[in-house]
Amino acid sequence: MNILDWKTKQNNVEVPFCPARVVLQDFTGIPAMVDFAAMREAVRNAGGDPVKVNPACPTDLTVDHSLQIDFSKWPETVLKNQEMEFGRNRERLQFFKWSSKVFKNISVIPPETGMAHQVNLEYLSRVVFEVKDFLYPDSVVGTDSHTTMVNGLGILGWGVGGIETEAVMLGMPVTLTLPEVVGCELTGTASPLATSIDIVLSITKQLKQADVAGKFVEFFGSGVSQLSVADRTTIANMCPEYGAILSFFPVDNVTLKHLKHTGFDKTKLEVMEAYLKAVKLFRNDESSSREPEYSQVVQISLSSIIPYVSGPKRSQDRVAVNNMKSDFQACLNEKSGVKGFQVAVEKQNDIVPVQHEGNEYKLSHGCIVIAAVISCTNNCNPSVMLAAGLLAKKAVEAGLVVKPYIRTSLSPGSGMVTHYLSSSGVLPYLRKLGFEVVGYGCSTCVGNTAPLPEAIRNAIKQGEIIACGVLSGTKNFEGRLCDCVRANYLASPPLVVAYAIAGTVRIDFETEPLGTGSNGKSIYLRDIWPTRRELHTVEEERVISSMFKELKEKMEKGNKRWNLLEAPESTLFPWDLKSTYIRCPSFFDKLAKEPVSPQPIENAHVLLYLGDSVTTDHISPAGSIARSSAAAKYLTNKGLTPREFNSYGARRGNDAVMTRGTFANIKLLNKFIGKPAPKTIHFPSGQTLDVFEAAELYQKEGIPVIILAGKKYGLGSSRDWAAKGPFLLGVKAVLAESYEKVHKSQLIGIGIAPLQFLPGENPSTLGLTGREQFSILFPPELSPGMTLDIKTSTGKVFSVIALFENDMEITLYKYGGSLNFVARRFL
């Protein structure tokens, strides 16, 4: 009744939601399964039966998701990279295989298959479940923010934090406040040059402006029928960028046609259609049909959409392609900030000569040194990937080339992309331009690209060149691709190839040629851009049916290396004390059978004083491990060389590495330090130390620590270690102006109090320096959204809001987090 009465009860009613299944990927799957193994250990030590510790909700774990690129030139690409991945991650893979053997309701998708979002879409999705003669809609939560991709297939799904996901795996519902549902009406017809990425970026901007954060979005209108399922999944995949919980495309005739091509049999499709129509979950293509009633409606005309890129530092900063040259010039002039680089006028046309492979090249501001067609956003959409391939074919045939110093790569999220690029005949042309398939999974997007040639790096640094990276991803944080690449642009796959050929972002595609063809004539982008008719013909005739047939055969056949991999079958995992990948964490050392009153936080020091938009990547980086970091020192002491460090993402099963990696991002800006660095001040001694070293000293001294932050604390990927890491550093509370919703839930789920300054207040307005000590008293009975008083060592008292949204979150906090809450049931 509360849901039916949504107009009056909206945002005031808790809705417990139990999804049909869970999807894990390797980065977040490894700590989840390590926690399950540790939970078995703790239950056994407390006198319980460890065999009872199993997921209650069906869970699929996809091993392929992250990919470190070691080889980027043909022929040492896919097979060599896969061999290196298998070797360096052998311990993790053995642990995954042990998990698949001993835990019920866990299915592991073996390596060399594809990344989580893609396999979820291509293989795991049911759309409608049929179990013991019962039909019910498919729904899923996953440990990755891009789980929302499946919304394009008419499946309700979104990403939650790893901690929250573990609770769902053990049978707890996801508790939501009844969300607002925003209707996004699509009308009109898109420009022939506009790809789904252009549509995505346009929708992203408009929905961001419409403030859909924390809401559901559902697409409707005549324009929806013009979008293929691949287009829809690409749009749904960008949902985290405009802050909505999910973006949903209901099942319609377009969806059914797609499912037919992907191998769903006729009987299943007929049952599916009848069921969805009976429960009013089927979207009627007829424009005259009655549309649902929404809390809010946003109207978007596809006819107004033109090609865009996004950058140079934030995904929400869109630049029309025809304005790219002038916009980059403006960025050179503008003061340092979210867009500006503040380059002196007299230096804006500097040219730095550099030798590479026996030839001299000239680098200048705007030169492209990284061009990557990467995984999750685009591989599900054959049209945009084929557009890149067809453009490459026409470019090669015209005699155009890519400069050899540009680090090009093609890193799909699924082998199916290679299959359809190969079957359509465009892969050899991509290869000739340097876009060789290097493997399957996140690579350049998370900073796992191969190093730039040393001569190029030195020239960029010595000449203070604003070098650029162009990639077909969803995130472009500064410094994420490479520490010497300051400008990063997101673009559609064909535009990535086009900019790579041009070699610079300082080009007007309308009036300036990409280069000179073999016939001596100037070649413009319009000369080689594929038409929608060309794309549609190739996609329909060569791609969809064969793509899904190939995938199913591959899944059934399995992986030889995985099949031969040995793993223990013991009920408890045999922890290896020498392992640098898998360690038993301490989260379950104190299992509580009953909730306890929140303990006061007395005389806490501030570990970090942070500003606005601190991302989970700042808090817990996923990329390479810097050689001077605390994590590197730990691994070196374990006898590893820098080449063996792997990445933080790969080592999420080792709490010792991850705790040392917390706040280890080189771009972290701590106001105590005044410049980007993973450093802080230990106030009792006055020393400037690595964040881990300072936190370790505070813990030895028995001093609690807190974090001060600005607006939107915890933006970005739903990363459980962004909460677990601070917890193990001894952080008891975070005081911020506002939070990203998923990260706030993660903090509660691990036992850290998320506190928010009152509206209009922040550390500056309150006169706080961060050098004070803070005392926070919690009342015995907490209530959602209650106000607490904080007293500082200077005598100042101010109020904050305890960001507990419902009674369940308070219960979880009293148990010391959701992991301990769910583990107690096995005692």
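**Exercise 1. Decide whether Cys18 is buried or exposed, and find out whether Cys18 takes part in a disulfide.**

*Solution.* The first step is accessibility: Cys18 has a relative accessible area of 54%, and since exposed means over 50%, Cys18 counts as exposed. It should be said at this point that the model is predicted. The second step is to look for a partner, and the nearest cysteine sulfur, which belongs to Cys57, is 8.1 Å away. A disulfide needs two cysteine sulfur atoms within 2.5 Å, and Cys18 is accordingly in no disulfide.

**Exercise 2. Repeat the reasoning for Cys367, and state how many disulfides the count comes to.**

*Solution.* Start again with accessibility: Cys367 is buried, at 3% relative accessibility. Next comes the distance, and here the closest cysteine sulfur is in Cys468, 6.7 Å from the sulfur of Cys367, which is too far for a bond. For the final step, the count of disulfides comes to zero.

**Exercise 3. Describe the chain as a whole, beginning with its helices and strands and going on to its radius of gyration.**

*Solution.* The chain contains 28 helices and 32 strands. Along the principal axes, its C-alpha trace spans about 80 × 70 × 55 Å. For 827 residues, a compact globule would have a radius of gyration near 28 Å, and the 26 Å of the chain agrees with this. Turning to the interior, buried residues make up 62% of the 827 residues. As for contacts between residues at least 6 apart in sequence, 75% of them join residues at least 24 apart.

**Exercise 4. Classify the aromatic pair of Trp158 and Phe216, and work out which parts of the chain this pair ties together.**

*Solution.* A search of the whole structure finds 23 aromatic pairs. In the pair of Trp158 and Phe216, the centres are 6.0 Å apart and the planes stand at 50°, which makes the pair tilted. The next step is to place the two residues: Trp158 lies in strand S8 (residues 156–159) and Phe216 in strand S11 (residues 216–220), so the pair ties together parts that are 58 residues apart in sequence. Both Trp158 and Phe216 are buried.

Trp158 also leads to Thr148, which is found in the loop between strand S7 (139–142) and S8. Thr148 is buried, with a relative accessible area of 1%, and among the residues that Thr148 touches are Gly157, Trp158, Ala236 and Asn237.

**Exercise 5. Carry out the same analysis for Phe587 and Trp721, and then follow the surroundings of Trp721.**

*Solution.* The ring centres of Phe587 and Trp721 are 6.0 Å apart and their planes are at 50°, so this pair is tilted. Phe587 lies in the loop between helix H20 (560–564) and strand S24 (601–609), while Trp721 lies in helix H25 (residues 721–728), so the pair ties together parts that are 134 residues apart in sequence. Phe587 is buried, with a relative accessible area of 6%, and Trp721 is buried as well, with a value of 2%.

Over the ring of Trp721 sits the charged end of Lys724, 5.6 Å from the ring centre. A further neighbour is Ser620, whose contacts, leaving aside neighbours within four places in sequence, are with Arg652, Met658, Arg719, Trp721 and Ala722. Ser620 lies in the loop between helix H21 (616–619) and helix H22 (630–637), and counts as buried at 1% relative accessibility.

**Exercise 6. Explain why helix H26 is described as largely enclosed, and examine both of its ends.**

*Solution.* Helix H26 covers residues 741–750, and eight of its 10 residues are buried, so H26 is largely enclosed by the rest of the structure. The buried residues include His743, Lys744, Leu747 and Ile750. At the N-terminal end, Glu740 caps H26, with a side-chain oxygen 2.8 Å from the backbone nitrogen of Val742. At the other end, H26 is followed by Gly751, whose phi is positive, near 105°.

Technical notes. Residues numbered from 1 in each chain as written. Heavy atoms only, no water. Phe/Tyr/Trp six-rings, centres within 6.5 Å; stacked < 30°, edge-to-face > 60°. Helix = DSSP H or I, 4+ residues; strand = E, 2+ residues; numbered from the N terminus. Buried < 20%, exposed > 50% of the residue type's maximum accessible area, 1.4 Å probe, protein only. Lys NZ or Arg CZ within 6 Å of the ring centre and 35° of its normal. Polar contact = N/O pair within 3.5 Å; in protein donor to acceptor, adjacent residues only side chain to side chain. Contact = heavy atoms within 4.5 Å. Rg over C-alpha atoms; globule rule 2.2 N^0.38 Å.
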